[in-house]
Amino acid sequence: MTGTLHTSAPILNTRCPYDPLTPKPLPGIAPLDAAHWLQANEAYAAQLAEKSRLLRTRRDDVVWLDPAHLGAAQELLDTVLTMLPEGFARDGESVLCPDGRRVTPDRSDPLGTLGALVQEDLCLMVKDGAEHVLRGAILCFPASWTLAEKAGRPLTGIHTPVRPYDAALAARVQRLFDGIRAGRPLWRFNAFWYHDPALFQPRREAAPRDVTNPAAAGYLRSERQCLLRLPASGAVVFSIHTYVLPRAALTATPA
């Protein structure tokens with residue numbers, strides 16, 4: 001399965017809360033105020049509508065959970081429910097979302113529920129031996145990778161096709177995962193030029209994206225990536241908030 005050319009109206013951001021054009025040395029990690037972990041912005045309604053479509057039509061491509069780690073996924077759901085950003089409201093057992101929808105959490109389907117609530121994609125990483133392993137995810141907006149290929153793989157296996165991810169960087173990243181403390185999340189960002197603004201862009205390792213001629217690409221795709229420790233299970237959550245900005249929007253100073 002590979003990404004296809006986007007033909008309907010693209011889902012774009014008008015701003016970015018950081019400067020995506022100023023790279024930082026890998027792995028580029030910084031502390032994060034836990035209160036600012038989850039974000040809801042001007043693209044919320046459109047992104048959640050796209051997630052709803054994918055959950056309805058491509059669920060096996062965007063949701064996966066190792067059944068042995070249902071408890072950690074439920075802990076992630078409970079954590080998100082207590083940390084929802086401005087624009088959400090609790091109404092008994094339901095959540096009122098910024099776009100007016102009402103979502104009732106389903107603890108038998110914690111990752112599906114999270115896909116109906118927040119813009120972030122969420123990956124559940126659990127320590128197994130020397131590495132953290134992907135044990136579950138809601139991944140509606142993959143940037144040129146597939147959940148099916150990465151499910152159940154350790155960090156080094158997940159990053160196999162990433163050219164800067166050598167043994168030294170892999171060891172640094174693993175130390176970061178080991179050192180994350182509950183209540184003290186971390187964050188970083190990336191940024192890549194894309195010709196296609198589609199949010200759902202799955203690509204297999206054997207069919208990488210064409211990265212030639214970035215000067216002609218019309219969109220910058222940036223991921224705000226956060227790492228957060230779940231205190232009960234000890235699992236690490238890797239969250240991905242995707243921004244897609246037209247090249248013209250990058251002339252403005254980020255808020």
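**Exercise 1. Determine how helices α3 and α4 are oriented to each other, and which residues make their contact.**

Solution. Two packed helices are described by the angle between their axes and the distance between the axes. In this predicted model, local features need pLDDT of at least 70 and side-chain atom pairs count only at pLDDT 80 or more, while totals for chains, interfaces and linings use all residues. Residues are numbered from 1 along each chain as its sequence is written, and side-chain values use heavy atoms, without hydrogens and water.

Step 1. Locate the elements: α3 spans residues 70-82 and α4 residues 110-117. Helices (H or I, at least four residues) and strands (E, at least two) are DSSP runs, numbered from the N terminus.

Step 2. Take the angle, about 25°, and the axis separation, 9 Å. Axes are lines fitted to C-alpha atoms, for helices over the stretch in contact, and angles run from 0 to 180 degrees between N-to-C directions.

Step 3. Classify: α3 and α4 are therefore roughly parallel. Angles under 35 degrees count as roughly parallel, over 145 as roughly antiparallel, 65 to 115 as roughly perpendicular and the rest as oblique.

Step 4. List the contact (heavy atoms within 4.5 Å). From α3 come Leu 70, Ala 73, Gln 74, Leu 76, Leu 77, Val 80 and Leu 81; from α4 come Pro 110, Leu 111, Thr 113, Leu 114 and Leu 117. By class these are 10 nonpolar, 2 polar and no charged. Ala, Val, Leu, Ile, Met, Phe, Trp, Tyr, Cys and Pro count as nonpolar, Asp, Glu, Lys and Arg as charged, and the others, Gly among them, as polar.

**Exercise 2. Describe the packing of α1 with α4.**

Solution. Step 1. α1 (residues 44-57) packs on α4 at about 145°, with the axes 8 Å apart.

Step 2. Tyr 44, Leu 48, Lys 51 and Leu 55 of α1 meet Gly 112, Gly 115, Ala 116 and Leu 117 of α4. This contact holds 5 nonpolar, 2 polar and 1 charged residues.

**Exercise 3. Give the strand order of the two sheets and find their edges.**

Solution. Step 1. The open sheet of 7 strands runs β1-β8-β9-β10-β6-β7-β2 with antiparallel pairing. Two strands pair if DSSP finds at least two bridges between them.

Step 2. Its edges are β1 (30-31) and β2 (63-65), each pairing on one side only. Within the sheet, β6 (121-128) and β7 (131-138) pair over 7 bridges, with Asp 128 bridged to Glu 131.

Step 3. Helix α3 lies across β2, β6, β9 and β10, at about 135° to β6.

Step 4. The open sheet of 3 strands has the order β3-β4-β5, also antiparallel. β3 (89-91) and β5 (102-103) each have a single partner strand, so one side of each lacks a neighbour in the sheet. β3 and β4 (94-96) pair over 3 bridges, and Asp 91 stands opposite Ser 94.
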